[in-house]
Amino acid sequence: MAGYDYDLFVIGGGSGGVRAARVAAALGKRVGIAEEYRYGGTCVIRGCVPKKLYVYASQFPEHFADAAGYGWTVPEASFDWQTLVANKDREISRLEAIYKRNVEGAGGEAFHSRAMIVDPHVVHLLSEDRTVTSDQILIATGGRPAAHPALPGHEHCIFSNEAFDLKELPKAIMIEGGGYIAVEFANIFHGLGVDTTLVYRGKEILSRFDMDLRRMLHETMEKKGIKILCHSVSEWVRKRPDGRLDALVSGGKVLTVDQVMLAIGRIPNTENMGLEGIGLEMTKTGAIAVDEYSRTNVDNIWAIGDVTNRVQLTPVAIHEAMCFIETAFKGNPTAPDHETIATAVFSQPEIGTVGLSEDDAVKRFPDIEIYRATFRPMRHTLSGRDEKMLMKLVVDGASKKVLGAHILGPDAGEMAQLLAIPLKAGLTKDDFDRTMAVHPTAAEELVTMYKPTYRVKDGERVG
Ligand SMILES: Cc1cc2nc3c(=O)[nH]c(=O)nc-3n(C[C@H](O)[C@H](O)[C@H](O)COP(=O)(O)OP(=O)(O)OC[C@H]3O[C@@H](n4cnc5c(N)ncnc54)[C@H](O)[C@@H]3O)c2cc1C
């Protein structure tokens with residue numbers, strides 16, 4: 001549209017926004033994008049990427065211990081938190097520059113500014129104190145950790161954002177929450193030698209995952225020394241004269257720690273952006289309401305990624321961006337497909353999962369077959385580590401379609417990515433059975449579980 005400064009203006013330079021801006025610019029569209037903090041967004045700056053680097057860092061003590069069974073003598077190891085933080089910073093700065101360069105290289109214009117919508121075609125760039133006009137506007141402002149203002153002493157607590165950049169590694173930490181971010185950080189801090197307590201109000205960590213994975217991960221984490229208090233919440237947090245924190249948890253127990261981290265959910269970034277002023281519809285949870293094509297109730301305004309609170313994962317934000325491009329600029333309306341999304345929890349051991357949990361499958365199908373194996377991974381035979389691996393397939397008894405695949409153990413995330421292909425393709429257990437194993441691997445178990453461990457018929461476990 002010649003009358004506007006841009007064909008597309010994107011607000012938010014994270015996973016979804018950068019992808020949409022880059023691809024639209026490469027199509028020859030006039031594209032502007034505004035990022036108020038750092039290009040790369042949550043995933044690159046304070047999410048997936050630094051998290052995975054810290055997971056690697058935290059795994060070394062177990063590797064050193066496991067090496068003994070293989071004949072190695074490892075001198076006493078020491079760890080320097082500041083080195084890890086500095087090296088992480090260097091890597092994310094490198095990625096940040098690549099993200100920005102990719103947009104500009106494709107012909108887009110990247111601004112460092114907070115942006116607000118003042119009219120359906122007008123965006124105000126606060127740092128530049130000027131307005132720009134655009135035919136289409138895409139909101140990709142992501143989310144942030146949910147605060148807990150009702151908790152007395154909440155001002156002493158940190159969130160995942162701060163956890164990455166603590167000046168010092170705490171000696172003891174309490175983490176409140178039971179989702180994947182809480183669980184991953186509990187494993188990271190424990191692996192780095194921090195006395196770690198996880199406090200979760202639910203009955204078992206990681207709701208929405210298969211119950212077998214949840215229970216077995218819980219047990220394994222406890223065996224490693226992580227304290228997990230379920231059915232529990234913090235009631236207050238107080239600063240002590242020595243600078244440490246006391247936290248009262250349900251049941252009257254007071255934990256003395258150096259940090260309390262809250263990981264109790266994430267909320268969409270929609271405030272102070274002028275959205276009410278243009279009548280943009282929100283959902284009950286404060287996310288931007290969109291139709292199946294990511295279009296808001298204002299015709300030329302779209303929203304993707306965490307700000308829409310559909311599935312809060314980086315590949316989902318990127319997929320939604322690509323579908324948006326097809327719909328808005330290629331005349332090929334494409335709705336994002338949110339079915340059968342593989343995912344990982346980078347706990348220790350790791351979870352990799354795709355498709356329906358046993359409990360969800362039982363609700364939808366009258367006859368379910370469960371194939372389940374637990375075993376000691378080969379690498380732990382000589383290391384002596386007392387840790388089991390779990391593999392589980394959930395199969396529809398009538399069609400033999402594999403509905404869910406759930407793994408706990410080394411490299412489970414990598415396996416989930418590959419399992420996502422047969423599950424997405426709707427392949428059956430017979431296809432798994434016809435597939436030759438790769439030996440010796442842990443993954444071979446997935447194609448060698450020939451007989452169901454048990455069935456669930458009309459909700460009743462049989463056999
Ligand atoms: C600790 C943690 C670990 C995670 N681990 C994983 C993982 O392992 N795998 C995975 O798939 N996902 C993971 N995620 C989730 C993933 O990071 C998000 O799903 C993803 O980043 C969402 O992308 P997005 O584009 O919607 O938003 P974001 O990446 O959050 O980007 C939004 C951007 O918009 C900017 N912004 C906000 N408001 C404005 C404004 N008004 N003007 C200008 N700019 C604005 C923000 O500064 C931000 O940079 C993790 C998240 C966290 C917090």
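This is a short walk through a predicted model, one selection at a time.

**Stop 1: two annotated stretches**

Start by colouring residues 6–321, which an unreviewed UniProt entry labels "domain: FAD/NAD(P)-binding". Over this stretch the chain is 32% helix and 24% strand. Now pick the C-alpha atoms at its two ends: they sit 18 Å apart.

Next, give another colour to residues 341–449. The unreviewed UniProt entry calls this one "domain: Pyridine nucleotide-disulphide oxidoreductase dimerisation". Here the chain is 28% helix and 29% strand, with 23 Å between the end C-alpha atoms.

**Stop 2: helices H1 and H8**

Select residues 15–26 for helix H1 and residues 314–329 for helix H8. Two packed helices are described by the angle between their axes and the distance between the axes. For H1 and H8, the axes come within 8 Å and cross at roughly 35°. Turn the view and you can check the handedness: H1 passes H8 in a right-handed crossing.

Which residues of H1 meet H8? Show the side chains of Ser 15, Gly 16, Arg 19, Ala 20, Val 23 and Ala 24. On the H8 side, they meet a set including Ala 317, Ala 321, Phe 324 and Phe 329. Sorted by class, the contact of H1 with H8 has 10 nonpolar, 3 polar and 1 charged residues.

**Stop 3: H6 and its two neighbours**

Now hide those and select helix H6, residues 180–191, together with helix H7, residues 211–224. How do their axes cross? They come within 11 Å, at an angle of roughly 20°. Angles under 35 degrees count as roughly parallel, so that is the description for H6 and H7. The crossing of H6 past H7 is left-handed.

Show Val 183, Ala 186, Asn 187 and His 190 on H6, then Leu 217, Met 221 and Lys 224 on H7: these residues make the contact. They divide into 4 nonpolar, 2 polar and 1 charged.

Keep H6 on screen and add helix H3, residues 48–67. H3 and H6 pack at an angle of about 40°, and their axes are 7 Å apart. That angle makes H3 oblique to H6. Again you'll find a left-handed crossing, this time between H3 and H6.

From H3, bring up Lys 51, Tyr 54, Val 55, Ser 58 and Pro 61. Their partners on H6 are Tyr 180, Glu 184, Asn 187, Ile 188 and Gly 191. This contact splits into 5 nonpolar, 3 polar and 2 charged residues. Pause on Asn 187: it is listed in the contact of H6 with H7 and also in the contact of H3 with H6.

**Stop 4: a hairpin**

Time for some strands. Strands of a sheet pair through backbone hydrogen bonds, either parallel or antiparallel. Select strand E4, residues 115–119, and strand E5, residues 122–125. Parallel or antiparallel? These two run antiparallel, and 4 bridges join them. Label Met 116 and look across to E5, where its bridge partner is His 124. E4 and E5 form a hairpin, with 2 residues between them.

**Stop 5: a three-stranded sheet**

Move on to an open sheet of 3 strands, in the order E11-E12-E13, with antiparallel pairing. Its edge strands are E11 (234–239) and E13 (253–257), and each pairs on one side only. From one strand to the next, the twist averages 20°.

Zoom in on E11 and strand E12, residues 245–249: 5 bridges join this antiparallel pair. One spot to label is Trp 236, whose bridge partner in E12 is Leu 248.

**Stop 6: backbone oddities**

Last, switch to a view of the backbone. Which bond near Pro 349 is cis? It is the peptide bond from Gln 348 to Pro 349, with omega near 5°. Pro 349 lies in the loop between strand E17 (343–345) and strand E18 (351–355).

Then jump to His 439 and Pro 440, also joined by a cis peptide bond, where omega is about -5°. You'll find Pro 440 in the loop between helix H12 (429–434) and strand E22 (454–457).

Finish at Asn 309, a residue other than glycine with a positive phi, near 50°. Asn 309 sits in the loop between strand E16 (301–303) and H8.

Technical notes:
Residues numbered from 1 in each chain as written. Predicted model: local features only at pLDDT ≥ 70, side-chain atom pairs only at ≥ 80, totals over all residues. Heavy atoms only, no water. UniProt positions renumbered as here; feature names shortened; annotations may be inferred. Axes fitted to C-alpha atoms, helices over the stretch in contact; angles between N-to-C directions. Parallel < 35°, antiparallel > 145°, perpendicular 65-115°, else oblique. Left-handed = near helix turned anticlockwise from the far one by under 90°. Contact = heavy atoms within 4.5 Å. Nonpolar A, V, L, I, M, F, W, Y, C, P; charged D, E, K, R; others polar. Pairing = 2+ DSSP bridges.
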